[in-house]
Structure formats: C-alpha cells, structure tokens
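Reader: I've got a model open on my screen and I'd like to learn how to read it. Could you walk me through it feature by feature?

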Amino acid sequence: MIELTQGGAYLLNGTEIVPDSADAAAQIRNKTGREISKSEAAKNTIAYGILESHNTSGSMEKLKIKFDKLTSHDITFVGIIQTARASGLQKFPIPYVLTNCHNSLCAVGGTINEDDHMFGLSCAKKYGGVYVPPHQAVIHQYAREMLAGGGKMILGSDSHTRYGALGTMAMGEGGPELVKQLLSQTYDINMPGVVGVYLTGEPVKGVGPQDVALAIIGAVFGNGYVKNKVMEFVGPGVAALSADFRIGIDVMTTETTCLSSIWRTDGQIKEFYEIHGRKEEYTELNPGEITYYDGMITVDLSKIRPMIAMPFHPSNTYTIDEVNANLKDVLHDVEERAKVSLDGAVPYSLQDKVVDGKFMVDQGIIAGCAGGGFENICAAADILRGSYIGSDGFTLSVYPASMPVYMELIKNGCAAALLETGAVLKTAFCGPCFGAGDTPANNAFSIRHSTRNFPNREGSKLQNGQISSVALMDARSIAATAANKGMLTPATEFDGEIGKYKYHFDANIYKNRVFDSKGVADESVEIQFGPNIKDWPAMGALPENLVLRVVSEIHDPVTTTDELIPSGETSSYRSNPLGLAEFTLSRKDPEYVGRAKDIQRAEKARMQGEHPCQAHPDVKPVMGVIKKTFSDATHENTGFGSTIFAVKPGDGSAREQAASCQKVLGGWANIANEYATKRYRSNLINWGMLPLLIEAGELPFKNLDYLFFPGIRKAVEEKAETIEAYRVSVEEGTLQSFTMTLGELTDEERQIILKGCLINYNRVHA
C-alpha cells in the first residue's frame, strides 16, 4: 500500500524510480544516456524552482523568502496586526486576506468576537487588505478559490495552509512570521529536503482523499520521514485524482509535520482555475527529466481502503475493516494510549461503544478545509440518499467549506438529499475542528472528516471531568456509517452509485460581500477597537544571566499546541494577551499559570528598579547559592522567570499564542528533547524565548527546581555551541552543572532573542 525508501531516490521522466545506491549513476546513464550529479538532479524538483524564484538571499542553502500573498483568520489576525502596528506598519505591502471562520459564531464572551471582526474590516480598509465576512468561507477554501496560483507562494497563520495541489507552495506559521512579511522582511530557513510522493493506480469506489491522507500520515509521522521537508506529489496516479481529491489529501500533509507540499499539475488543475474564473493563474508544473529526492514514498492508490485515525492523533491509523475485525485489541490499545494523553485525569473506556459486537458511534461531522469540499459532500449525499440517520442519539452535521460550494449543493439537489436524511447543513465554519462547534456529549465518540483529533480539541474539558473522543474518517465512510445509524461502516460496503457532479462557481457571492481594497490603503480610516483588544505588554531584553524556575514538566511523547494553549471557547480571548494567558496549559497542567506568575513577580520588581527579593522569598536564598560561585551575578544583571520541560512540544496548530502566552507570564525558555515542528520553535524565538535542547534520558532537574544560566546573553551573542546551566540546590547549598544547546539560529533570530521579542527587534530597526 505504502512504501518508503531507505535514503534518497531518483525519478526519471516522472515515471521511474531509481533508489540512491552505489550503482544509481550507472543505472541512470544506461536509461537516459546522461550523467548528472545528485546536487544538480536535486535542482529539478518542482519545489526547488518555486523556492528559487522567491528567494532573496542569493544562496539556495540559506533561504530568505518573500511570499506573494498572506492570509489569516479571526483567531490570529488581530494579534498579527497589533504586533505589526507596534513595529511601524503603514500599509500591507502584499495582498493580505483576513477571513472570519473560527470565532464566527460570536457565541462566547459577549461582543468580543464581533469586535475582532470589525477591527479586521477597518484594518483592511486602512492598510489595503481583503476582508471576508463570517460564514462566507473557511480560510483555506477562500485561498483555493481566490488566491492560489501556479508557482506562487502563500504564507498563512494557520497550520493547514496547504495549496500544493493547485501548484502553490504554501506554509502555515505563527503570526510573527506574517508580521515580518508585512514589514517587508523575509522568511528565513535552510533549504529544506524534498521528499517525493509517487502515486500509482487509482482509488476504488468508496475510498476518498482522507483515506489516502491518513494512510500516508500513519506511515510517516512516527518516524519523522518528512519532518520539516517539502512533500512533492508526482507519478502517474496523480492524473487519476480530481482537483478536489488532491486538495483533500494535500491539506492533511500538515499532520505529517512536513514544511510544505507541492504537486505536479495538469488539465484537472487547469480546469479548476478556469471554473473559478482565474485561468491565467494556471501553470503546468512537473519535475525534471532526472530529479533527485531526499526520500520517496510510493503509494498504490488502488490498495488504499477506508481508514480511521483513532483517538488521540491523526497518525493512530487503522483500516476500518481492521477495527471492526479486532475491536477488543484496538480499543484496548486506544485506552492504553489515553492513559498517557489524559494523564489519568478522567476514566476513559470505549467498551460501551460495542453493541452486539459492532462499534457504534454517536456523532458524524463533515466539515472545514478537509471535509467541506464539493465532491466530499456530493459523495456523502449519494451514499445517504434514501436512508435516514434515525431518531436516536446519532447526529450528523455537514459544513460546506464556502458559500459558493453551499450554493452549488442547493442547485444540484445534494443539499436536499442530505437534509432529508436528518442531517443538518450549516454554514462555513471551522468550529468542529478546534472545539467551538458540535461538541459531543460526555463519553461520546465522534467521527469527523476534519483535520485533527487531539485530546480536548473537540471541546471536552478534563479539568471539569468531561471527555469525549474524535476519530478521523473520510466523508464517504461517515455517510455509510450514518446510513447504518451509527454503526461503524466503510464506504466500500456501499453498493450504489457515487455520481460525478459538475461544479459551477458563482463569483457574485464574493463580489457582493467581500471587501477588497485592491491594494489601496486609506490612512484616514480609524481602526475600530473593542474592549477586549489589548496591546502587547512590555517585554524586556535578554539579561546577562537568567534564573529560571521549572514550572511544568511534561513527559508525554508529544505535546500539542492545543495542550499548551487550549482551543475552543478560549479563542475568544486571543486579542487579549494577558486574558488569554490565564488559560495556558490549563487542560494539561492547571498549576502552571499560578507558578509562572509567582516567579514573574521577581522579574517585574527587577524591571521596575526594585530588589526582586522583596517580591519573592526564594530569590535571596537562590542568589545566595549562585553568588558562592558566580560573585558577579547580581539582581541588576540577572533576570528571573520560568521555563517548562516537554519531551517534544509543538505538534499541531501554528498558533503563536502557544508561545506568547508563556512569554507574557514571564517565560524565558522551553527545554525539550526535540521540537515537533519548525513553526512552534519559530514562535518561541519570535517571542524572545530560548528554544533549548537537552539530550533524551534522565533529566538533571525536576519540576519546581531553579536553574541558573550564567552568561546566557553572551552565549547567544557569540554563538556558543553549548549552553552552560546549573541546578540550584538551596538545601545543599550547591550548583549541579549540565549542558544544553540552542540548535541552529540565524543572525536575525539571535537578535530577536537578545532584544526580548520581535516587537522590540523591529522597534530598534525601524
């Protein structure tokens, strides 16, 4: 079904794979009559060409990328614009689209969500942007319909910013990376590796894009095969997939932890642009005659079967047939994993979902950037046509990804077919994907064609004793399950016809509702603020030395951004840095906020010119031990704050708040064995936090210990290979030394850390 090469591979004429080996050059010479070096062949990837055309550094090893367009949604754009305004923003230098698909219900927090929307509209007018009102489209569908273009690059403040199927290399990053683009700065990365995804065959009836995506995620997430690399989809199997099908696979590449994605393009993609009235944006993209990839994933589409990602991660994958055939073993495995994910906070069992030997689910959702596409919903309608979901506990909700998609479903009758079954059709909204819509009942089990199934992401709250589960599935199998009134069923068991529907895009919907400045800024416009929209608090520069208290210690294999800063109703406070910070780690470590604020008292006193020992009783004894060895360490040159340890933090969302909330509570660092994603590490750096790395194994410190970092500022300035640190033992009056590293940092990243955050850096360089 899926095979991974051990090492790199060459692709000849887009159709033949030659694994990298001692005789690879001879094989290539025999087949093509050409000699080519590996480095030259690596330049023939589609990804290389796009990156080269957007690189401003003059070096393809150290890239400085300028993007063509930017896009954000209403959880992120307020913070981004506020940061840019604090750094001197006068006008959006490139097209910037502000969509409203996350806090669009305006159901929590009084006026604050609609206040954010009005802030966005006024900023689009003042700075020359585009504003997409609530319920019109989810961020990524609007980008597909109106922004993507062949060979272009788009940066979005949402992790699922992926438009590779349309020939657009897109990346999801935390807000500060968009701020840099708004200030005409660059996105700085090393040239990423490029992994080929070679598709063959074609899917059998009942298999959809989510099935293919989950199969790939299951094969590559755990081993890090594509981590921080670009996935490039090639091979004859691409032609067997419609544009919608490719889009559905592509958006899920985020869950592999890859950096970005790109696909070869053809007539199917050309037709997509023509349908959307933008035929000039189509560019045919193909790898070169001889192309080298840093790895190769071979996918036989004909062997993919309906998949399910069981709780609590998109990589926890099985075929639906495997689950049904091995219920006892699979459910036991999920329950054992839950003990780690949930820290035993609530009882967790799925045994009550087994009724007469069948697995019964409680809810179905087809939604958002992954599930809400036209073809997915049409296929679900065909599978459900003539069936009924029943009048018991099972529910089914369907969210078309944009109003134009919704309109076409009404015109072609699929909307009526769904409504007749008892399903509910709703407007474009990302809520089910991040815990702000269709939250299941306690102990319920939901199957969703959406992007993630992390703990609590569906809306449950462990601290309140609430827990429910989400499994990821394709819309087709969700419909088959719904037709069986909740009994887990693969769509391959459906023996009826799944039609092919022609899509007609109605551009008037957007023309009538979307504000588009056409890039013209109107500085006379007053920004409309609400009472919850707050400026970032002042943040100090990195001091000469640091004393950090460990205030949370997390040993889960992976810590998601949803655990670092919960999604759901907390999203309403994302325009208020201090207000949102009160929720930091609240569902993982409820003690974190209090502990972080406690030691922050010492730093606040220091910054105000007071002696920190007057603000916190631990300062004097801790500094007493330190000064025995480091007599020049004083409260004037030594900062105080907090840090957390997590094995592998940062999987999931691009949300900068996973880092910024720690920062505004006095966090100066994270300590980790590795970082799950580049984007989370970048968020730490942009908020002036040290992305420290420590070797896996027994830690030289524990939670609530104090750590001393002598000469930390000098170490950052002088690019020290190791960071010297000490555990402070007040009881023994000693310092126990250990070392860490910071990993690779650009010169600009070092300056951002030294200044204390990106805002401070830009104020100095304005």
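**Reading the model**

Author: Let's start with charges: a search of the whole structure finds 35 salt bridges, where a salt bridge is a side-chain nitrogen of Lys or Arg within 4 Å of a carboxyl oxygen of Asp or Glu. Before we go on, this is a predicted model, so local features need pLDDT of at least 70 and side-chain atom pairs count only at pLDDT 80 or more, while totals for chains, interfaces and linings use all residues. Residues are numbered from 1 along each chain as its sequence is written, and side-chain values use heavy atoms, with hydrogens and water left out.

Reader: Which residue forms a salt bridge with Lys339?

Author: That's Glu336, with the closest N and O atoms 3.0 Å apart. The two sit 3 residues apart in helix α12 (residues 327–341), so about one helical turn separates them. Helices (H or I, at least four residues) and strands (E, at least two) are DSSP runs, numbered from the N terminus.

Reader: Are those two buried or exposed?

Author: First the scale: buried means under 20% relative accessible area, exposed over 50%, and partly exposed in between (1.4 Å probe, protein chains only). Lys339 is exposed at 53%, and Glu336 is partly exposed at 34%.

Reader: Where do I look for a salt bridge that links distant parts of the chain?

Author: Try Arg727 and Asp705, whose side chains meet at 2.7 Å, N to O. This pair links distant parts of the chain: Arg727 is in strand β33 (residues 723–729), and Asp705 is in the loop between β31 (690–693) and β32 (706–709), 22 residues apart. Arg727 counts as buried at 17% relative accessibility, and so does Asp705 at 8%. Salt bridges can also form a network, as they do for Lys64, Asp188 and Glu748.

Reader: On to cysteines. How many disulfides does the structure hold?

Author: A disulfide is a covalent bond between the sulfur atoms of two cysteines. The search counts a pair of cysteine sulfur atoms within 2.5 Å, and the structure holds 0 disulfides.

Reader: Why is there no bond from Cys101 to Cys430?

Author: The sulfur of Cys101 is 3.6 Å from that of Cys430, its closest cysteine sulfur, and that is too far for a bond. Cys101 is buried, at 0% relative accessibility. For Cys123, the closest cysteine sulfur is in Cys106, 17 Å away, again too far for a bond. Cys123 is buried at 0% as well.

Reader: How do I read a sheet? In what order do the strands come?

Author: Two strands pair if DSSP finds at least two bridges between them. Here 5 strands form an open sheet in the order β1-β15-β11-β12-β13, with mixed pairing. At the edges are β1 (2–4) and β13 (260–263), each pairing on one side only. On average, neighbouring strands of this sheet are turned by 20 degrees against each other, direction ignored. For angles like this, axes are lines fitted to C-alpha atoms, for helices over the stretch in contact, and angles run from 0 to 180 degrees between N-to-C directions.

Reader: Which strands does helix α3 touch?

Author: Helix α3 (residues 46–54) packs on the sheet and touches β11 (194–200), β12 (230–234) and β13; its direction makes about 115 degrees with that of β13. Contact means heavy atoms within 4.5 Å. As for β1, 3 bridges join it to β15 (residues 295–300), and the two run antiparallel. Within that pairing, Glu3 stands opposite Thr298.

Reader: What about the core?

Author: In soluble globular proteins, nonpolar side chains tend to be buried together. A nonpolar core here is a set of buried Ala, Val, Leu, Ile, Met, Phe, Trp, Tyr and Cys residues joined through side-chain atoms within 4.5 Å. The largest one has 118 residues, and Leu396 is one of those with the most contacts inside it. Not counting residues up to four places away in sequence, Leu396 touches residues including Ile365, Leu384 and Ile478. Apart from that core lies another of 52 residues, among them Tyr48 and Met296.

Reader: And backbone oddities?

Author: Most residues other than glycine have a negative phi, and most peptide bonds are trans. The peptide bond from Pro311 to Phe312 is cis, with omega near 5 degrees. Asp356 isn't a glycine, yet its phi is positive, about 55 degrees. Asp356 lies in the loop between β18 (354–355) and β19 (358–359), and is exposed at 76%.
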